[in-house]
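Open the model in your viewer and keep the sequence panel visible. The stops below say what to select and what is there.

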Amino acid sequence: MYSLKPVMDQNVVCEVPTCMYTLKPVCMSSYDPKAFTDSKTGSSGRTIDPLSIEIDNLLQKAENDELRMLAERQQRVLQQLAELKNEILSLRTELKLNAKAPVQSSTAPKSKAQLKAEPINISYLQDFVVNASPEYVPYSLLALKNLWKNRLDLQVECFTHSTVPKLSDEAVNFQNAITNSGVSTAPNLPQIKVTLIWKNVGAYTEMITSPTSYVPICGEVNILRYLSRCGPSEFNYEQQDNVDEVDSILDACYLLLNKQNTKQRQQILRTLGSKLGKAAGFGGADLSLCDIAFTSAVKQVQRTIAKDINPNMAKCMGRVVTMVGM
């Protein structure tokens with residue numbers, strides 16, 4: 001290759017002005033040739049950049065600080081876990097729980113005497129319309145009218161829709177009973193006016209509280225739930241301790257009415273029979289909403305499941321009929 005003349009002469013002397021403060025070279029400020037000797041050979045032939053040493057020291061210090069902070073954090077977590085374990089053990093001791101503790105059974109339902117009879121809130125009372133089929137008579141309305149005769153006055157007025165040419169004998173007897181029974185001796189009782197319209201709605205008895213919006217409550221047991229909430233407090237099953245059990249029985253009564261298959265009705269009836277057992281009623285000695293719903297449902301489909309009604313079921317139904325005139 002051809003040679004090239006130097007661009008700059010190294011021997012050129014640069015005149016430094018004397019009006020400025022002079023400073024020693026930075027790279028030579030802390031340089032000590034004796035401090036940077038070769039550890040293996042012991043000679044000082046190989047030197048190390050002091051800036052690299054400072055950078056290594058800073059990195060080593062940062063790494064040590066991170067390890068120290070991580071160790072402190074782990075120690076705090078372990079301490080919190082130990083405190084949490086002690087709290088759980090103390091709660092376990094206070095509640096007298098152990099690994100082999102048996103599952104406690106549900107508490108017994110409160111009796112009617114244990115439920116407090118509070119004044120009825122008149123603002124909750126609202127007149128409503130019930131559409132019912134003559135083939136599926138809502139006997140529960142008659143039961144509640146007679147059961148609440150000294151607490152709440154259910155005034156029922158009956159009409160027949162044009163789709164029903166003639167009422168059945170059961171519907172006629174029910175209509176006469178509900179319009180003439182339930183004479184109360186207590187004056188000035190709160191009142192609910194019920195308009196019962198015989199209409200071909202099948203087993204889906206409808207309750208309409210707002211004629212303008214027409215949002216029906218379908219199912220006789222759901223009508224019972226509605227009236228239980230706004231009626232006398234001592235008959236409200238939601239104040240009892242076994243609310244879930246009562247709801248399951250009411251749902252079974254609803255299915256007993258609305259299942260058209262005879263085998264399905266027989267299966268549901270066996271389920272209700274197992275829940276009843278050998279007791280006088282679903283609510284014990286006191287008449288409950290489940291007894292009313294069960295009796296009404298069985299009376300409506302009795303012709304298809306008559307042979308599956310055991311003696312204790314018949315006894316429970318007879319008690320309901322005697323007490324509330326169903």
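Select Asn131 and then Ile197: Ile197 is the bridge partner of Asn131 in strand 3. This is a predicted model.

**Strand 3 and the sheet**

Stay on Ile197, which lies in strand 3. Is Ile197 buried, partly exposed or exposed? Its relative accessible area is 22%, so Ile197 is partly exposed, since buried would require under 20%. Show the residues around Ile197, leaving out those up to four places away in sequence: the contacts are Val129, Val130, Asn131, Ala132, Phe159 and His161. Then pick the C-alpha atoms of Ile197 and Phe159; they are separated by 4.8 Å, although the two residues are 38 residues apart along the chain.

Now select the whole of strand 3, residues 191-198. Color Ile192, Val194, Leu196 and Trp198 for the covered face. Gln191, Lys193, Thr195 and Ile197 make up the uncovered face.

Add strand 1, residues 128-132. Strand 1 and strand 3 run parallel and are joined by 5 bridges. Besides the pair you began with, look at Val129, whose bridge partner in strand 3 is Thr195.

Next add strand 2, residues 153-160. Strand 2 also pairs with strand 3 in the parallel sense, here over 8 bridges. Select Gln155 in this step and find its bridge partner in strand 3, Lys193.

In what order do the strands of the sheet lie? Zoom out and trace 2-3-1-4-5: the 5 strands form an open sheet, and the pairing is mixed. The edges are strand 2 and strand 5 (217-218), each of which pairs on one side only. Helix 3, residues 169-180, packs on the sheet. Helix 3 touches strand 2 and strand 3, and its direction makes about 145 degrees with that of strand 2.

**Arg225 in helix 4**

Move to helix 4, residues 220-230, and select Arg225 within it. Is Arg225 buried or exposed? Arg225 has 10% relative accessibility and therefore counts as buried. Display its contacts, leaving aside neighbours within four places in sequence: Tyr237, Asp247, Leu250 and Asp251.

**Helix 5 against helix 6**

Select helix 5 (residues 243-258) and helix 6 (residues 262-276). Their axes come within 9 Å and cross at roughly 155 degrees. Helix 5 is therefore roughly antiparallel to helix 6. The crossing of helix 5 past helix 6 is left-handed.

To see the contact, show side chains on both helices. From helix 5, the residues are Glu245, Ser248, Ile249, Ala252, Cys253, Leu255, Leu256 and Leu257. They meet Arg265, Ile268, Leu269, Leu272 and Lys275 of helix 6. Colored by class, the contact of helix 5 with helix 6 shows 9 nonpolar, 1 polar and 3 charged residues.

**Helix 6 against helix 9**

Keep helix 6 and add helix 9, residues 311-324. What angle do helix 6 and helix 9 make? They pack at about 75 degrees, with axes 10 Å apart. Helix 6 and helix 9 are therefore roughly perpendicular to each other.

For the last selection, take Leu269, Leu272, Gly273 and Leu276 of helix 6 together with Asn312, Met313 and Cys316 of helix 9, which make the contact. By class, the contact of helix 6 with helix 9 contains 5 nonpolar and 2 polar residues, and no charged ones. Leu269 and Leu272 of helix 6 appear in the contact with helix 5 and in the contact with helix 9.

Technical notes
Residues numbered from 1 in each chain as written. Predicted model: local features only at pLDDT ≥ 70, side-chain atom pairs only at ≥ 80, totals over all residues. Heavy atoms only, no water. Buried < 20%, exposed > 50% of the residue type's maximum accessible area, 1.4 Å probe, protein only. Helix = DSSP H or I, 4+ residues; strand = E, 2+ residues; numbered from the N terminus. Pairing = 2+ DSSP bridges. Contact = heavy atoms within 4.5 Å. Axes fitted to C-alpha atoms, helices over the stretch in contact; angles between N-to-C directions. Parallel < 35°, antiparallel > 145°, perpendicular 65-115°, else oblique. Left-handed = near helix turned anticlockwise from the far one by under 90°. Nonpolar A, V, L, I, M, F, W, Y, C, P; charged D, E, K, R; others polar.
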